[in-house]
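Biologist: Please take me through one part of this model up close, the start of the chain, and then show me how that part sits in the whole thing.

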Amino acid sequence: HSTSSVRKYHSLISGALQQAIKWKWLKQNVARDASPPKEVNPEMIVPTIDEVKLLVKSLPVPVNEFAALAAITGARRGELCALT
């Protein structure tokens, strides 16, 4: 599992166990003793304008227009597909 998935599971389980303590079903929250992995933020590699131009030019005609629009606007795939 990815680091973010493990962190989400840990948070969910810890919250559930904390609620069980409030309801007096448990005496302690063992998830608090666990150490979820630290979140890792990899360095983002942003293409240059020339690299984007080269990519757009290398694509076939209908696709290159969507690629250019995505590059100019920052629109996501779903947003581009929803255009009419």
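Modeller: Sure, with one bit of vocabulary up front: helices here are DSSP runs of H or I with at least four residues, strands are E runs of at least two, and both are numbered from the N terminus. Keep in mind that this is a predicted model. Counted that way, the protein chain has 4 helices and 0 strands, and reading along the sequence gives you α-α-α-α.

Your part is helix α1, which covers residues 3–22. A quick ruler check first: with 20 residues at 1.5 Å a residue, α1 should span 28 Å, and its end C-alpha atoms sit 29 Å apart, so the two values agree. After α1 comes K24, and its phi is positive, near 65 degrees.

Now look at the side chains. Y9, L12 and I13 make a nonpolar patch on the surface, and together they offer about 340 Å² of accessible area. Take L12 as the example from that patch: its relative accessibility is 61%, and the cut-off for exposed is over 50%, so L12 counts as exposed.

Next, find R7. Its side chain meets that of E39 in a salt bridge, 4.0 Å from N to O. What I'd point out on screen is that this pair links distant parts of the chain: R7 belongs to α1, E39 to the loop between α1 and α2 (49–58), and 32 residues separate them. How covered are the two partners? R7 is partly exposed because its relative accessibility is 32%, whereas E39 has a relative accessible area of 55% and is therefore exposed.

The same loop holds another residue to click on, N29, which is found between α1 and α2. Is N29 buried or exposed? Its relative accessibility is 7%, and buried means under 20%, so N29 is buried. The side chain of N29 has a polar contact of 3.3 Å with the side chain of Q18. The N29 side chain also reaches the backbone nitrogen of A31, at 3.0 Å.

Now for the wider view. The salt bridge count for this model is 2. Besides R7 with E39, there is R76 with E79, where the closest N and O atoms are 3.8 Å apart. E79 is in helix α4, residues 77–81, and its side chain also reaches the backbone nitrogen of R76 at 2.6 Å. R76 comes out as exposed because its relative accessibility is 60%, while E79, at 41%, is partly exposed. To get a feel for the distances, pick E79 and L26: they are 53 residues apart in sequence and 47 Å apart in space, C-alpha to C-alpha.

The overall dimensions put that into context. Along its principal axes, the C-alpha trace spans about 65 × 30 × 20 Å. A compact globule of 84 residues would have a radius of gyration near 12 Å, but this chain has 23 Å. Buried residues make up 8% of the 84 residues, and N29, from the loop we just visited, is a buried one.

So if you want a path for your own tour, begin at the patch of Y9, L12 and I13, cross from R7 to E39, and then stop at N29 with its contact to Q18.

Terms used: Residues numbered from 1 in each chain as written. Predicted model: local features only at pLDDT ≥ 70, side-chain atom pairs only at ≥ 80, totals over all residues. Heavy atoms only, no water. Patch = residues over 30% accessible without salt bridge, like charges linked within 9 Å, V, L, I, M, F, W, Y side chains within 5 Å. Areas by Shrake-Rupley, 256 points an atom, 1.4 Å probe, with all protein chains shown as cover. Buried < 20%, exposed > 50% of the residue type's maximum accessible area, 1.4 Å probe, protein only. Polar contact = N/O pair within 3.5 Å; in protein donor to acceptor, adjacent residues only side chain to side chain. Expected span 1.5 Å × (residues − 1). Rg over C-alpha atoms; globule rule 2.2 N^0.38 Å.
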